[in-house]
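Biologist: I have a fold open and some labels to test. Could you take me through the reasoning behind them?

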Amino acid sequence: MNLILPLQKSPELNSCEAISTRLLPSCPDYAYWQSYYQQLLSGYIGEKSLDYYLRIAELDNTVVLQGFRTTHDNETFQIDLLILSEGFILLIESKNHKGRIQLPAHSDQMIRGNEVFSHPLIQANIQKKHLQKLLTAYNFPNAPIHTAAVFTNKKCILEKSENNPDIIVSQKIPDRIDEIKTLYPHPIYTKEELHQIGYTLRKLHTPKTLTQAIPTPFIEPGVTCINCAQRAMTWKNRTWICPKCQHKDKKAHIPTLREYAHIYGPTITNRKASHFLNISQPHITKHLLKTSGFKATGEKRGRKYMIK
Ligand SMILES: [Zn+2]
């Protein structure tokens, strides 16, 4: 298996994570942000848990992409797991729902208690159509695209009313891949084409970013202590010190500035950094930004640093 696009947290997830950890409970949208973050995180954990099954599956001569997302013909689509092989393409939609999931026969919906969701195989088939169009647009031969839905949560009770072999739990992935291989014994792509498709898709990958307005007045500034998670470290005698647990850390501002970058974007001014780090003396902020290895542009008051 050649994993050319490993799963990474999207900028949307990173932003949501940083916002939800710093959001003051007095924010009117507090519950919204927490649930938004939990939902994204759950999807990510579910997709990440597939790594283990991919490692044990027989995936010789395949090119694999995780969390591929792109826009083609004004349509944006995301494929949780894409396995390109010589005879077929396997497109997997992953679901991390827990609880009793029902997929009634002849129904186009997925049900959990009183909640109704899109049927994961119908979703996968829509992604398949987008992918087919994309491959055609790039003049790649069309191999059959096989779709499957994988339930990744160990606390999911899967109830299928008909025995559809392509709705499975994670543990079944290696076996199901072996079965699917026997359905497509004839090679369509050469090894070279497989790599060309994989690298073409990787170039087109555009991970999702946050589009919601940031609840800035409710974002709590401050340097987080890695020992006790309090956001109250102060800069004293050339180091950060936590007033609660006395933990000392010269570099504690770095992860805090990275959180700033996840929320507000990678450029920061001395004034904004002073506010976010709770530093009252601008020359100290200047010193910290200069020694952090961040690239600086502009002069004097217009000087900006690129957080990396
Ligand atoms: Zn502490």
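Modeller: What follows checks several labels against their cut-offs, for a model that is predicted.

Biologist: What are the secondary structure and the span of the protein?

Modeller: The secondary structure comes to nine helices and 16 strands. The C-alpha trace spans about 70 × 45 × 35 Å along its principal axes.

Biologist: How is the protein divided into domains?

Modeller: Domain 1 covers 2–204 and domain 2 covers 221–306. Their C-alpha centres lie 38 Å apart.

Biologist: What makes L40 count as buried or exposed?

Modeller: Count the neighbours. L40 has 20 other C-beta atoms within 10 Å. The cut-off for buried is 20 or more. L40 is therefore buried. Across the protein, buried residues make up 31% of the 308 residues.

Biologist: Where does L40 sit, and what does L40 touch?

Modeller: L40 lies in helix 2, residues 30–48. Leaving out residues up to four places away in sequence, L40 touches E12, L13 and C16. Those three also appear among the helix 1 residues that meet helix 2.

Biologist: Why is helix 1 called oblique to helix 2?

Modeller: Helix 1, residues 11–22, packs on helix 2 at an angle of about 135°. Roughly perpendicular ends at 115 and roughly antiparallel needs over 145, so an angle between those bounds is oblique. That makes helix 1 oblique to helix 2. The axes are 9 Å apart, and the crossing is left-handed.

Biologist: Which residues form that contact, and how do they divide by class?

Modeller: From helix 1 come E12, L13, C16, E17, I19 and S20. From helix 2 come W33, Q34, Y36, Y37, L40, L41 and Y44. The contact of helix 1 with helix 2 divides into nine nonpolar, two polar and two charged residues.

Biologist: How do you know that helix 8 and helix 9 are roughly perpendicular?

Modeller: Helix 8 (residues 270–277) and helix 9 (residues 282–290) pack at an angle of about 100°. The range for roughly perpendicular is 65 to 115 degrees. Helix 8 and helix 9 are therefore roughly perpendicular to each other. Their axes are 9 Å apart.

Biologist: Which residues meet there, and what are their classes?

Modeller: N270, A273, S274 and L277 in helix 8 meet P282, T285, K286 and L289 in helix 9. By class, the contact of helix 8 with helix 9 has four nonpolar, three polar and one charged residues.

Note on methods
Residues numbered from 1 in each chain as written. Predicted model: local features only at pLDDT ≥ 70, side-chain atom pairs only at ≥ 80, totals over all residues. Axes fitted to C-alpha atoms, helices over the stretch in contact; angles between N-to-C directions. Helix = DSSP H or I, 4+ residues; strand = E, 2+ residues; numbered from the N terminus. Parallel < 35°, antiparallel > 145°, perpendicular 65-115°, else oblique. Contact = placed C-beta atoms within 7 Å. Nonpolar A, V, L, I, M, F, W, Y, C, P; charged D, E, K, R; others polar. Domains from an automatic or database assignment. Buried ≥ 20, exposed ≤ 12 C-beta atoms within 10 Å, placed from the backbone. Left-handed = near helix turned anticlockwise from the far one by under 90°.
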